[in-house]
Each structure stands twice: as structure tokens, then as C-alpha cells.
Amino acid sequence: MDYFCQASPIVIDGCIYLLTADGAVMASPTKMEYRMELERLSKDELAYELAILGVTTVTTVEEMRKTLRRMRKLAKHGSFVRPAHPFTVAVDLAALTGLSTEIKALLDTFVGSRASSEYKKLEAKLSHATGRLGRVVASTEEEKEQVSRLLVAFSEYSMTLRSKAKHFARSSTLNASTVTALEGMSGPSSSSEAEDSDTDQGADGGIGSMLSLLLKLKPDLVTDIRMHDIRESVNGVAMDLSHINRSGTVRGYTGRSQLKKALKGADIVVISGGISKVAVMTRENLFIENASIMEEFARVCAEMCSEALIDIVTNPVNSCVPVFCETMRKLGTFNPTKVIGVTTLDLMRISTFIASMKGLDPRKVTCPVVGGHSLLTMVPLLSQCNPPINFSEDETVALFNKVRIAGEEVVRAKAGNGAAQIAMAYSLAYFIFDQLKAKRGKADVVQCGYVANNAHKTKYFATKLLLGTDGIIKDLGLGKLSSFEQEKIYEAIPIILRDVDTAERFIR
Ligand SMILES: NC(=O)C1=CN([C@@H]2O[C@H](COP(=O)(O)OP(=O)(O)OC[C@H]3O[C@@H](n4cnc5c(N)ncnc54)[C@H](O)[C@@H]3O)[C@@H](O)[C@H]2O)C=CC1
Ligand SMILES: O=C([O-])CC(=O)C(=O)O
């Protein structure tokens with residue numbers, strides 16, 4: 001058969017396509033197949049790859065992969081004759097149209113580097129799809145048109161995939177995501193007076209130091225970590241972290257004098273500085289001490305990084321967030337889409353508790369938690385669990401209680417040695433990764449957080465939030481509630497009103 005190459009050949013993913021004189025497509029056959037990672041293909045795709053080699057008897061996915069590997073070796077050594085193509089043009093085109101939709105959907109949400117598994121999966125699917133397309137010998141006008149359309153679509157997907165990965169790599173190295181953790185060392189008895197005190201206390205690292213460790217492990221997302229604490233020992237923690245063999249920088253800043261330097265130009269600021277609970281305290285008991293710290297941070301953030309995303313961890317979240325926001329508002333720099341009170345630990349805990357109750361994988365369970373971050377304001381929305389799960393009345397009450405007292409239980413179990421830190425740092429790190437991915441264009445990133453929101457006339461409320469390139473792009477509210485959840489929201493409202501009022505009185 002003679003093939004006539006029109007103008008220049010079309011190249012997709014290193015495979016050369018020649019358009020024949022009558023418009024049909026012929027691909028240079030084998031190169032693409034060798035680039036395809038078999039682990040990334042679905043069962044249907046593997047079945048096709050086997051069928052075109054004449055194998056239709058293999059059943060399990062593992063066997064399919066093994067057989068394909070063996071046949072590839074045979075083909076490489078030239079000791080294999082390919083049978084006649086076993087599919088009709090109509091079957092091939094229907095499968096390819098479905099594949100095109102699937103690849104497009106995956107591509108729309110793809111954010112990552114060439115090393116990511118999502119990239120490799122897309123690459124394998126594109127190789128499979130373009131290989132299959134190359135084997136279609138269209139004869140009718142309609143078929144030829146469909147082939148051309150698919151060819152253009154796969155070519156565009158291929159370019160988009162590469163350019164997204166390139167953009168991702170560039171934004172990870174050039175637009176360093178500077179995360180300033182306004183806290184470094186742990187120490188259950190730490191307080192704002194500790195600035196002048198001895199620094200050899202707090203040996204086991206608090207939320208800030210553990211968070212910084214987890215951020216350090218993701219250099220593709222976080223390239224510059226600055227740690228600030230009133231204690232000088234934060235410099236040692238930063239130095240310690242900087243010895244980890246991952247790219248990016250970690251620097252320590254200490255005392256009020258270095259706060260401005262630490263914050264200058266930061267992309268994300270995580271505030272977990274202040275005091276934490278010892279036994280028989282409520283989160284509200286921390287207010288007086290921590291409110292003045294929030295006020296100070298807000299003033300410096302307003303001056304040094306008013307565009308940064310601000311994550312407030314310090315308790316009581318229900319009042320610390322309003323103190324921070326209202327201070328910024330007074331200074332004319334408050335942007336409600338940028339400041340979030342972090343409640344992610346509550347979401348992680350409830351998914352763990354649900355999974356354990358129902359025998360599920362906790363990583364595959366999600367459940368929003370709204371309202372606030374204190375005993376009676378935390379409202380898990382069990383009716384919105386994903387996957388949907390039915391709970392009896394007793395189970396609902398048990399889960400509400402368990403998540404609400406989880407913080408107290410950790411404090412009690414740590415016997416005077418501070419509050420939850422490890423799970424907090426873990427959930428916080430993933431919250432920040434989500435913010436960074438959304439910042440780089442990932443779509444559909446939904447998190448919960450305590451933000452300026454007057455839907456319940458409380459001025460602040462934890463709701464479901466859609467994150468985007470510039471912080472919160474949409475407040476998704478609470479969604480449809482069960483009557484039990486609605487009742488708990490009504491109970492939370494006066495408490496949040498009181499917590500916000502406490503903050504406002506402090507600011508005045
Ligand atoms: N939102 C949430 O879900 C959670 C919030 N928390 C809260 O997070 C906060 C931090 O907890 P931990 O890390 O366990 O406490 P920690 O006591 O281990 O660390 C607090 C650090 O803040 C530093 N600090 C105090 N005043 C400062 C200032 N003016 N500037 C800079 N640094 C200052 C201290 O020197 C200390 O190193 C607490 O308020 C705690 O209640 C804790 C767990 C969960
Ligand atoms: O209870 C505390 O003080 C810490 C906290 O917020 C939690 O563990 O949920």
C-alpha cells in the first residue's frame with residue numbers, strides 16, 4: 001500500500017501520523033505502544049491491546065498485563081505476526097469517542113508535574129487512544145470526518161497535558177510558594193511573655209514545626225518555608241529541617257523584631273502562635289492571651305503581605321478569626337476571600353470516626369463540618385457524607401459527641417502536656433496543599449472553614465468553601481440539612497454570636 005504524506009506529518013506524543021491521500025490515518029505502529037505504561041490502563045483498554053494481538057482468553061487484569069508484556073517482547077524481536085484487525089470501524093470509533101470524553105474530563109482537573117501518577121495515566125490513555133485511532137481504516141465520508149475530529153482532539157489533549165505539566169513545573173520553581181508558619185517550637189506553657197524567657201523549653205515540637213516538616217516533604221508545592229516564633233530556638237528547628245534532602249529553603253525568624261521580615265511577600269501565612277490548652281480549660285479560656293497576638297499579626301500582615309492567604313489555627317478560632325479580620329478591616333486591608341479559620345481537623349476526625357464505625361477506608365470517606373470550632377458549635381453534616389451513608393439516631397448522636405469532645409480527650413490524655421498537634425499538623429498540611437493546588441488552577445477544590453459570613457446573622461460561620469486561584473471563590477453555604485443538623489445549627493448560632501461579640505468588644 002502506498003501512503004502519501006500530506007504537507008507535514010502530524011506528531012502526537014512522539015508517534016508519527018501520516019495522512020493518506022484519501023484522508024485515512026496511518027500511524028507509525030509500534031513506538032506509541034512501548035511508551036504506554038500498562039499499569040495505567042483500564043481493563044477494557046488492556047482487553048483491546050490484547051485483542052489486536054489475537055489474544056482474547058485472558059481474564060484477570062494482572063494476567064492481561066503479564067501476557068501483554070510477554071507479547072511486546074516477542075514483537076520487539078520480530079518473532080510475532082500481527083493478526084487481522086479484529087474490530088469494525090464502528091466499534092473502534094464508538095470506543096474512541098468514549099475515551100475522548102474520559103480523557104478530557106481527566107485533563108480538565110489535572111494539576112501536576114510529568115512525574116505525577118495523573119500525568120502518567122493520561123499519557124498512557126493518550127498513547128492507547130492514538131494507537132487505536134491509527135489502526136482505524138475509515139472508508140465512508142462520515143467515518144473519515146470522525147477520525148479527523150478525534151485526531152484533532154487527541155492532539156489538543158496531548159498539547160494541553162504537556163503545557164499544564166510545564167506550567168506546573170514553572171510555577172513550583174519560579175513562583176515559590178512561601179509559607180510562613182507563625183509558630184515554630186512547642187511548649188505547653190508557652191505564652192507571649194516567653195519572648196524574654198529561657199529558650200530550652202518545648203522539646204517535642206508543636207503544630208508549627210510538625211506542619212513545616214510535612215510541607216518540606218512536598219517541594220513541588222512549597223518551596224520556601226519561613227518559621228517565626230517568639231523563641232529563639234525556632235532558628236534551630238528551621239536549621240534542622242533545612243538538612244532534609246529535599247529542595248527548597250527553610251528559614252527561622254525570631255521575636256517581634258523579625259516578624260515583618262518573616263511575613264514580607266508570603267503567599268500563605270499559617271497562624272498557630274499563642275497558648276494552647278492544659279487540662280480543665282475550654283478553648284474560650286485562651287482568648288485573652290491569644291487575642292492580642294491575633295491583633296499584632298493582623299497589623300503586620302496588613303503591612304507586609306496583605307494579598308496573602310491567611311490560615312488561622314490558634315484557639316479559640318471562633319473569636320480569633322474575628323479579631324484578626326476586624327483589625328485588618330480597620331486598617332482597610334481586609335479581604336474576606338483570603339482569611340480562613342482552620343477547622344480541617346474536625347473534618348478529618350469525623351471521617352476517621354465514621355470509617356471506623358462502618359468498617360470503611362477513612363481516606364475514602366468525607367463529611368463536611370460547619371458552624372464553628374468549639375464544643376457546641378461544631379456541626380458535622382452526616383447527611384452529606386461521601387459516599388452517602390445511613391446512620392441510626394444513636395449512631396448520629398454518638399458521632400456528634402465523639403467529634404465534639406475529641407480535642408478535650410486528647411488534652412486529657414496528654415496529661416497537661418498540651419493539646420492535639422500531630423493530627424492537626426497532618427490535616428493542616430493537606431488543607432494547605434489543597435489551597436496551593438487551587439491557587440495553581442485545580443478546579444473543584446472544596447474545603448470547610450470558619451470565615452466572614454453573615455448568612456446566619458452571626459458575621460462569621462464555618463461553611464463549605466470553593467477554593468480557587470485567589471482564595472475563596474464561592475461560599476457554598478451549608479447545603480441541605482437533616483432536621484437534626486438544622487437543630488444543631490440553631491443551637492450553635494447564639495454561641496457564635498457571643499464569640500464574635502467577645503472579639504468585637506476586644507477590638508473596640
Ligand atoms: N484549629 C484547630 O483545630 C486547632 C487549634 N489548636 C490551637 O493551635 C494553637 C497552637 O497549638 P500548639 O502548637 O499545640 O501550641 P504550642 O504551645 O506548642 O506552640 C505555640 C507556639 O506559639 C509561640 N508563640 C506564642 N506567642 C507568640 C507570638 N506572639 N509570636 C510568635 N509565636 C508565639 C510559642 O512560643 C509556641 O512556640 C493553640 O492555640 C491551640 O489551641 C490546636 C489544635 C487544633
Ligand atoms: O482542644 C484543643 O484545645 C485543641 C483543638 O482545638 C482540638 O484538638 O480540636
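# Exercises on a Predicted Protein Model

In this predicted model, residues 24 or more positions apart account for 69% of the contacts in the protein chain with a separation of 6 or more. The protein chain has 15 helices and 14 strands, and buried residues make up 42% of its 508 residues.

**Exercise 1. Determine which parts of the model call for caution.**

*Solution.* Begin with the chain as a whole: its mean pLDDT is 84, and 85% of its residues reach 70 or more. Next, locate the weak stretches. Over residues 1–34 the pLDDT is below 50, although this stretch has 59 contacts in the model beyond near neighbours in sequence. The pLDDT is also below 50 over residues 182–205, a stretch with 60 such contacts. Finally, apply the general rule: where pLDDT is low, the predicted coordinates should not be read in detail. For the model, the scores are ipTM 0.99 and pTM 0.70.

**Exercise 2. Describe how strands β5 and β6 are arranged and connected.**

*Solution.* First, find the two elements: β5 comprises residues 224–229, and β6 comprises residues 249–254. Second, establish their pairing: six bridges join β5 to β6, and the two strands run parallel. One pair of facing residues is His228 and Tyr253, the latter in β6. Third, follow the chain from β5 through helix α8 (residues 234–242) to β6; this β-α-β crossover is right-handed. Lastly, consider the surroundings of β6, which is mostly covered, with five of its six residues buried.

**Exercise 3. Classify Arg329 as buried, partly exposed or exposed, and give the reason.**

*Solution.* Start with its location: Arg329 lies in helix α11, which spans residues 317–330. Then count its neighbours: 17 other C-beta atoms lie within 10 Å of Arg329. A buried residue requires 20 or more, and an exposed residue has 12 or fewer. Arg329 is therefore partly exposed, because its count of 17 falls in between. As a further step, compare sequence and space: Arg329 and Ala298 are 31 residues apart in sequence, and their C-alpha atoms are 9.6 Å apart.

**Exercise 4. Identify the residues around ligand 2 and characterise this shell.**

*Solution.* First, list the members: Ser276, Lys277, Arg283, Asn315, Leu345, Gly407, Val410, Val411, Ala419 and Ala420. Second, sort them by character: five are nonpolar, three are polar and two are charged. Third, ask which element gives the most to the shell. Helix α13 (residues 393–413) does so, with three residues.

Conventions
Residues numbered from 1 in each chain as written. Chains lettered and ligands numbered in written order. Predicted model: local features only at pLDDT ≥ 70, side-chain atom pairs only at ≥ 80, totals over all residues. Helix = DSSP H or I, 4+ residues; strand = E, 2+ residues; numbered from the N terminus. Pairing = 2+ DSSP bridges. Right-handed = clockwise from strand over helix to strand, strands pointing away. Near = placed C-beta within 6 Å. Nonpolar A, V, L, I, M, F, W, Y, C, P; charged D, E, K, R; others polar. Contact = placed C-beta atoms within 7 Å. pLDDT = per-residue confidence, 0-100.
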